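User: I would like to go through the salt bridges, one pocket and the annotated spans of this model. Please keep the answers short.

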Amino acid sequence: MADHKESKMEELAHKIHSKISSPSSSSDSDDDKRFHARAVALKAKVYRLFGREKPLHQVLGAGKPADILLWRNKKLSGGVLGGVTSLWFLFEMLDYHLITLICHLMILALSVLFLWSNASNFINNSPPTIPEVVIPEKCLLKAASCFTFEINRTLDIVRTIATGKDLKTFLGAIAGLWFLSILGSCFNFLTMVYIVFILLYTVPVFYEKYEDKVDAFSEKMIIELKKQFAVLEKKVLSGMNKEKKKD
């Protein structure tokens with residue numbers, strides 16, 4: 001379905017280009033506008049995963065984090081991946097501990113800076129310039145506000161599920177918690193965090209590369225899931241109605 005729509009778009013774009021390159025007239029201009037409007041309408045109807053209307057890079061923020069996740073800068077992305085993998089190897093394979101690592105790094109940094117500052121007086125060299133770091137209050141308040149909003153939204157979803165008003169959300173929550181329980185029995189928390197990081201580092205870039213095929217496949221899957229959910233919801237509601245009638 002998505003491939004058929006894309007082919008129509010390409011055909012319309014070709015017609016628009018051919019008309020623009022030919023001698024113009026008032027009727028040609030009107031035809032161009034109609035062709036352009038149809039192309040825009042067809043593009044809007046193309047299914048995108050999660051209903052997104054913007055490119056993936058803009059959805060991810062269009063900043064440096066998006067560049068890292070989509071491997072726009074391969075050296076920087078590779079460096080971040082190597083650093084996180086090294087930390088995971090230290091903690092998981094070598095049985096290193098986070099507090100121990102932080103303390104050792106602080107000891108090393110403070111010792112180097114202290115010795116450098118005192119040695120500079122004897123060797124007539126300038127001491128190290130240590131910048132003053134101050135966290136703006138607005139940043140902390142904004143982070144706290146976002147965190148509070150997410151907690152309240154989660155509590156609202158839990159309340160909606162508990163009241164039995166949304167069967168779809170209930171089934172999704174049960175499936176998600178069941179899946180997490182299986183992962184938790186197979187991996188510890190640190191390894192699960194590392195797996196999530198690897199997924200965030202690989203899935204977006206592969207999706208961006210094959211998004212047309214993925215969107216077409218996901219559209220078919222979502223349609224089929226909606227059909228199955230409608231059948232299940234109908235059975236559940238019919239069963240509840242029968243129990244009410246018996247009562």
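The turns below deal with a predicted model.

User: How many salt bridges does a search of the whole structure find?

Analyst: One salt bridge joins the side chains of arginine 72 and glutamate 208. Another joins arginine 153 and glutamate 150. The search of the whole structure gives a total of two.

User: How many residues apart are arginine 72 and glutamate 208?

Analyst: Their side chains meet at 2.9 Å, N to O. This pair links distant parts of the chain, with arginine 72 in the loop between helix H4 (64–69) and helix H5 (74–93) and glutamate 208 in helix H9 (residues 189–209). The separation is 136 residues.

User: Is glutamate 150 buried, partly exposed or exposed?

Analyst: Glutamate 150 lies with arginine 153 in helix H7 (residues 137–162), three residues apart. The relative accessible area of glutamate 150 is 36%. Buried means under 20% and exposed over 50%, so glutamate 150 is partly exposed.

User: Which helices each supply at least two residues of the lining of the second largest pocket?

Analyst: This pocket holds about 190 Å³ of space. Its lining includes Lys168, Leu171, Leu225 and Phe229, and divides into four nonpolar, two polar and two charged residues. The helices are H8 (167–186) and H10 (211–246).

User: How far apart do the end C-alpha atoms of residues 177–203 lie?

Analyst: The unreviewed UniProt entry annotates residues 96–116 and 177–203 as "transmembrane region". Residues 177–203 are 93% helix and 0% strand. Their end C-alpha atoms lie apart by 22 Å.

Definitions and conventions. Residues numbered from 1 in each chain as written. Predicted model: local features only at pLDDT ≥ 70, side-chain atom pairs only at ≥ 80, totals over all residues. Heavy atoms only, no water. 1 Å grid on protein atoms, 1.4 Å probe; cavity = no way out; pocket = protein on both sides within 12 Å on 5 of 7 lines; lining within 4 Å. Points joined across faces, edges and corners; volume = space filled by probe spheres on them. Helix = DSSP H or I, 4+ residues; strand = E, 2+ residues; numbered from the N terminus. Nonpolar A, V, L, I, M, F, W, Y, C, P; charged D, E, K, R; others polar. UniProt positions renumbered as here; feature names shortened; annotations may be inferred. Salt bridge = Lys/Arg side-chain N within 4 Å of Asp/Glu carboxyl O. Buried < 20%, exposed > 50% of the residue type's maximum accessible area, 1.4 Å probe, protein only.
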